[in-house]
Amino acid sequence: GTLLMDCPINCYITWKNRRSFDWCQVLPLLLANMCGVVPGTLLLRFSLPWVLKTVLGVVVVLLGLEMATRSLRPLRPGRDAPSMRYVVAVFSGMCAGLFGINMFLTAYLQRTAKDYPEFKGSICFLFLGENVFRLGVYITSGLITREALLFGAVSVPAAALAMALAGFLGPRMREDRLQKGAIVLFLLGGVSIIVKSIVFHT
């Protein structure tokens, strides 16, 4: 259901930050991400066990902790091979198709972006392309139900409130605090996956 709201939100943020990132570098990542969405969506139809989601949540939390503690470790330049970004993009696309989670690509871009505007513009452009593509795959696969459409409609006021709040707080916060906030949300997303998987077996 949230996928329906993600598209216009990511479109707005991408347009607002369109001069902050290199489109030529992000487009190949988007194509690689889309390559992972299709097999991930096909696997979704087989209802993978909740244990797999729990493991995914643990990995997301570990990634979040790595992001949070990266500044405490010595910098080692040249460790990220160019091919690794495409491997991450494909795997992240599979997770998006399976669980609606594209966090692995978020973690990678948080590592490689030179500043927060570039990170925000790049990730929202990737999310926009992936969201539109995944929405089409879900529709053709029969995964968009009346309940999902209803949930998307109910989410409109909450999404509008969140956008207004972000627009108010964003210019008033330092870049380092915004990055820390993004990492906190990343960690909370991983914890949420673990809790929902263990408690509700979903």
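**Figure 1. Overall view of the predicted model, with its exposed surface.** The protein chain exposes about 11900 Å², and carbon and sulfur atoms supply 70% of that area. The model is predicted, not experimental. The protein chain has 9 helices and 0 strands. Along the sequence, the pattern reads α-α-α-α-α-α-α-α-α. Of the 202 residues in the protein chain, 39% are buried. Take the contacts between residues at least 6 apart in sequence: 84% of them join residues at least 24 apart.

**Figure 2. The largest nonpolar core, with Leu109 among its members.** This core holds 36 residues. Leu56, Val60, Leu109 and Leu126 touch the most other members. Six helices are labelled here. Helix 2 (23-44), helix 3 (50-69) and helix 4 (82-99) each supply at least two residues of the core. So do helix 5 (103-112), helix 6 (116-141) and helix 9 (175-200). Leu109 is shown with its partners beyond four places in sequence: Leu29, Phe119, Ser122, Ile123 and Leu126.

**Figure 3. Asn131, a buried polar residue of helix 6.** Asn131 counts as buried because its relative accessibility is 3%, below the 20% cut-off. Its side chain makes two polar contacts shown in this view. One, at 2.8 Å, is with the side chain of Asn10. Another, at 3.0 Å, joins the side chains of Asn131 and Glu130. Leaving out residues up to four places away in sequence, Asn131 touches Leu3, Asp6, Cys7 and Asn10.

**Figure 4. Glu130, the sequence neighbour of Asn131, in helix 6.** Glu130 has 1% relative accessibility and so counts as buried. Beyond four places in sequence, Glu130 touches Leu30, Asn33, Val37, Ala96 and Asn102. The polar contact of 3.0 Å between the side chains of Glu130 and Asn131 appears here as well.

**Figure 5. Cys11 in helix 1 (residues 2-16).** Cys11 is partly exposed, since its relative accessible area is 40%. Gly129 is 118 residues away from Cys11 in sequence, yet the two C-alpha atoms are 9.0 Å apart in space. How many disulfides does the structure hold? There are 0. Cys11 is in no disulfide, and the nearest cysteine sulfur, that of Cys7, is 8.9 Å away. That gap fails the test because a disulfide needs cysteine sulfur atoms within 2.5 Å. Cys24 is a further cysteine to locate: at 64% relative accessibility, Cys24 counts as exposed.

**Figure 6. The aromatic cluster of Phe21, Trp23 and Phe125.** A search of the whole structure finds 3 aromatic pairs. In one pair, the rings of Phe21 and Trp23 have centres 4.8 Å apart and planes at 40 degrees, so the pair is tilted. The tilted class covers angles that are neither under 30 degrees nor over 60. Is Phe21 buried or exposed? Phe21 counts as buried, because its relative accessibility is 7%. Trp23 counts as partly exposed, with 35% relative accessibility. Phe125 joins Phe21 and Trp23 in one aromatic cluster.

Technical notes. Residues numbered from 1 in each chain as written. Predicted model: local features only at pLDDT ≥ 70, side-chain atom pairs only at ≥ 80, totals over all residues. Heavy atoms only, no water. Core = buried A, V, L, I, M, F, W, Y, C linked by side-chain atoms within 4.5 Å. Buried < 20%, exposed > 50% of the residue type's maximum accessible area, 1.4 Å probe, protein only. Helix = DSSP H or I, 4+ residues; strand = E, 2+ residues; numbered from the N terminus. Contact = heavy atoms within 4.5 Å. Areas by Shrake-Rupley, 256 points an atom, 1.4 Å probe, with all protein chains shown as cover. Polar contact = N/O pair within 3.5 Å; in protein donor to acceptor, adjacent residues only side chain to side chain. Phe/Tyr/Trp six-rings, centres within 6.5 Å; stacked < 30°, edge-to-face > 60°.
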